Amino acid sequence: MRELLTLFGLFFKVGIMTFGGGYAMLPMLERELVNKRQYVTMEEIMDYFAVGQCTPGIIAVNTATFIGYYQAGVLGGIFATLGMVTPSIVIITVVASVLQSFMDYPVVASALSGINAIVCALLAHTVITLGRKSLVNVISVVLFIIGLIACFVFDITPILLVIFGGIVGVVYSKIKEGKAK
């Protein structure tokens with residue numbers, strides 16, 4: 001039971017501090033789950049993010065579920081998920097009930113603008129961290145460039161890009177495996 005409560009607490013902490021979506025939580029997950037507790041590796045978190053991107057639902061919740069399940073089975077997945085969503089439910093309920101009356105105040109607009117700037121910094125940190133760990137060979141750099149072009153020029157849906165990347169990764173590994181033999 002202690003491990004389940006620990007998972008709930010960890011993901012509650014991540015959930016309450018995650019502004020800007022699932023990718024913004026990567027630095028916190030790295031600090032809490034990789035560096036402090038060694039629950040998972042950064043590579044495993046990136047794998048969970050990739051799978052979370054391909055499955056229905058919110059990437060942050062999917063990732064919490066995967067990591068919780070990895071640590072403590074089905075109950076671990078449930079507790080981690082509840083930990084991740086509880087802060088959002090509480091905050092959204094409170095904010096929705098009072099935000100409209102405060103939106104006209106310049107200080108509120110300024111605070112939200114400041115939060116948005118910090119979220120951009122967190123996302124940039126995440127992109128740099130993922131890039132350092134993922135762009136390790138020519139094929140991964142080529143896939144990265146193809147993905148950027150596909151997103152920005154052709155507006156291709158991310159799910160197709162993730163599937164394409166997975167297929168290319170499998171084909172590339174099979175070719176490499178064949179050459180090794």
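In the predicted model, I139, L143, I146, G147, A150 and C151 of helix α6 meet L161, F164, G165, V168 and Y172 of helix α7. By class, this contact of α6 with α7 holds 9 nonpolar residues, 2 polar residues and no charged ones. Helix α6 covers residues 138-152. Its axis lies 11 Å from that of α7, and the two helices pack at an angle of about 160°. Angles over 145 degrees count as roughly antiparallel, so α6 is roughly antiparallel to α7. The crossing of α6 and α7 is right-handed.

Helix α7 also packs against helix α3. Helix α3 spans residues 42-54, and α7 spans residues 158-180. Here the axes are 9 Å apart, and the angle is about 130°. The pair α3 and α7 is therefore oblique. Their crossing is left-handed. On the α3 side, the contact is made by A50, Q53 and C54. On the α7 side, P158, I159 and V162 take part. These residues divide into 5 nonpolar and 1 polar, with no charged residue.

A further contact joins α3 to helix α5, which runs over residues 106-134. The two axes come within 11 Å and cross at roughly 110°. Angles of 65 to 115 degrees count as roughly perpendicular, so α3 is roughly perpendicular to α5. M42, E43 and M46 in α3 meet T129, L130, K133 and S134 in α5. The residues of this contact comprise 3 nonpolar, 2 polar and 2 charged.

The whole protein can now be described. Its secondary structure consists of 7 helices and 0 strands. From the N terminus on, the order of elements is α-α-α-α-α-α-α. The C-alpha atoms fill a box of roughly 65 × 45 × 25 Å along the principal axes. The protein has 181 residues, of which 28% count as buried. Among contacts with a separation of 6 or more, 56% link residues 24 or more positions apart.

In soluble globular proteins, nonpolar side chains tend to be buried together. The largest nonpolar core of this model has 23 residues. Inside that core, the residues with the most contacts are F11, L29, L33, I45 and M84. Four elements give two or more residues to the core: α1 (2-17), α2 (26-36), α3 and α4 (59-102). The largest share comes from α4, with 7 residues.

M84 illustrates how residues from separate parts of the sequence come together. Its neighbours within four places in sequence are left aside here. M84 is then in contact with F11, F12, V14, G15, M25, A60, V61 and A64.

T63 offers a second case. This residue is found in helix α4. Its relative accessibility is 0%. Buried means under 20%, so T63 counts as buried. Which residues surround T63, leaving aside its neighbours within four places in sequence? T63 is in contact with M25, L29, Y48 and F49. L29 is also among the core residues with the most contacts. M25, in turn, appears among the contacts of M84 as well.

Notes
Residues numbered from 1 in each chain as written. Predicted model: local features only at pLDDT ≥ 70, side-chain atom pairs only at ≥ 80, totals over all residues. Heavy atoms only, no water. Axes fitted to C-alpha atoms, helices over the stretch in contact; angles between N-to-C directions. Parallel < 35°, antiparallel > 145°, perpendicular 65-115°, else oblique. Left-handed = near helix turned anticlockwise from the far one by under 90°. Contact = heavy atoms within 4.5 Å. Nonpolar A, V, L, I, M, F, W, Y, C, P; charged D, E, K, R; others polar. Core = buried A, V, L, I, M, F, W, Y, C linked by side-chain atoms within 4.5 Å. Buried < 20%, exposed > 50% of the residue type's maximum accessible area, 1.4 Å probe, protein only.
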